[in-house]
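Please explain how this protein model is put together, taking helix packing, aromatic pairs and individual residues in turn.

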Amino acid sequence: MEATIKILIYIHAFFGGIGLITGMGSIIVKKGGSLHKKMGKLFSIGMVTSSLISIPICWMPKHQNIFLFLIGLFTIYLVISGNRFLRFKRKTEANFIDKLISGSMLFFSVIMISIGLYCQLNAVENGILFTFFGGFGFYMTVKDFMFFKNLSVSNKSWLSKHIGKMIGALIASITAFIVAGIGIGNAIAWMTPSILGTIYIFYWNRKIAPKADKLVKA
């Protein structure tokens, strides 16, 4: 069993590495270009595959980890949702799948926050991480439903949603490299990439705001 788990971990790390490399590359190259799109596809495949493999590992003997299980689900949500938001460039209505994806993550976000509060009340080490990432998930999914509700009025914020989700997934990849690759597993190592990544997302949202306004007026 342990040999099988090790093989799965290696495969998980391999696809995670693909996600990290192509994710960094997609930031560097021209946005919207063919190379950006190709790297984005490889990034999505790498991150989703890596996260899917991590989910059963988190339930295997001697490797049980509810936090990593929930983070794996969060990463999958970020990638799939981030890609689906591209469809709203021309769509004016969210379908059942869109709502199911966001609704599922909202449910798991509440679970993460609840576990985090329990851990903090009982002085469990790094329990704040559940609350921290659960809070991010809760915020993102609530914003998703606000977007879906106002879709008929204005659907031009799809670009900022796409960027935010994909950068969020890249943050997950960078965090995994720091924690698992380098071996720094404290709360600061887990939270710092998300804080810096959020600042970067705000930067991009401000940068694309004029472009979004033009699209609305067009």
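A residue counts as buried when its relative accessible area is under 20%, as exposed when that area is over 50%, and as partly exposed in between. Thr175 has a relative accessibility of 3% and is therefore buried, since that value is under 20%. The coordinates come from a predicted model, so the discussion begins with confidence as defined by pLDDT, the predictor's own score for each residue.

The protein has an average pLDDT of 87, and 93% of the residues score at least 70. Confidence is highest in helix 4 (residues 96-121), with a mean of 95, and lowest in helix 7 (residues 187-217), with a mean of 75.

Helix 3 (residues 66-84) offers a suitable starting point for the packing. Its axis lies 10 Å from that of helix 4, and the two helices pack at an angle of about 150 degrees. Because angles over 145 degrees count as roughly antiparallel, helix 3 is roughly antiparallel to helix 4. The crossing of these two helices is left-handed. On the side of helix 3, the residues in this contact include Ile66, Phe67, Leu70, Ile71, Phe74 and Tyr77, and they meet a set in helix 4 that includes Ile97, Ile101, Met105, Phe108, Met112 and Ile115. Polar and charged residues also take part, among them Ser81 and Arg84 in helix 3 and Asp98 and Ser102 in helix 4.

Helix 3 also packs against helix 5 (128-149). Here the axes come within 11 Å and cross at roughly 25 degrees. Since angles under 35 degrees count as roughly parallel, helix 3 is roughly parallel to helix 5. This crossing, too, is left-handed. The residues of helix 3 that meet helix 5 include Ile66, Phe67, Leu70, Ile71, Phe74 and Tyr77, together with Leu78 and Ser81. Their partners in helix 5 are Leu129, Phe130, Phe133, Phe136, Gly137, Met140, Thr141 and Asp144.

Phe133 deserves a closer look. This residue lies in helix 5 and is buried, with a relative accessible area of 7%. Which residues does Phe133 touch, not counting those up to four places away in sequence? The contacts are Phe67, Ile71, Phe74, Met112, Trp190 and Ser194. One of these partners, Ile71, is 62 residues away in sequence, yet the C-alpha atoms of Phe133 and Ile71 are 8.0 Å apart in space.

The aromatic rings give a further view of the structure, which holds 18 aromatic pairs. A pair of aromatic rings is described by the distance of the centres and the angle of the planes. For Phe107 and Phe108, the centres are 5.3 Å apart and the planes stand at 70 degrees, so the pair is edge-to-face. Phe108 is partly exposed, at a relative accessible area of 25%. Phe132 and Phe133 form another edge-to-face pair, with 5.1 Å between the centres and 90 degrees between the planes. Phe132 counts as buried at 17% relative accessibility. Both Phe132 and Phe133 belong to one aromatic cluster with Phe67, Phe130, Phe136 and Trp190.

Trp190 leads on to helix 6 (residues 158-182), where Thr175 is located. Leaving aside neighbours within four places in sequence, Thr175 is in contact with Ala189, Trp190 and Pro193. Ile174 is found in helix 6 as well, but this residue is partly exposed, with a relative accessible area of 27%. With neighbours within four places in sequence again set aside, Ile174 is in contact with Leu20 and Met24. The C-alpha atoms of Ile174 and Ile195 are separated by 12 Å, and the two residues are 21 places apart along the chain.

Two loop residues complete the account through their backbone geometry. Most residues other than glycine have a negative phi. Lys62, in the loop between helix 2 (34-57) and helix 3, has a positive phi near 70 degrees. Lys62 is exposed, at 78% relative accessibility. Ala123 also has a positive phi, of about 55 degrees, although it is not a glycine. Ala123 is placed in the loop between helix 4 and helix 5 and counts as exposed at 70% relative accessibility.

Notes: Residues numbered from 1 in each chain as written. Predicted model: local features only at pLDDT ≥ 70, side-chain atom pairs only at ≥ 80, totals over all residues. Heavy atoms only, no water. pLDDT = per-residue confidence, 0-100. Helix = DSSP H or I, 4+ residues; strand = E, 2+ residues; numbered from the N terminus. Phe/Tyr/Trp six-rings, centres within 6.5 Å; stacked < 30°, edge-to-face > 60°. Buried < 20%, exposed > 50% of the residue type's maximum accessible area, 1.4 Å probe, protein only. Axes fitted to C-alpha atoms, helices over the stretch in contact; angles between N-to-C directions. Parallel < 35°, antiparallel > 145°, perpendicular 65-115°, else oblique. Left-handed = near helix turned anticlockwise from the far one by under 90°. Contact = heavy atoms within 4.5 Å.
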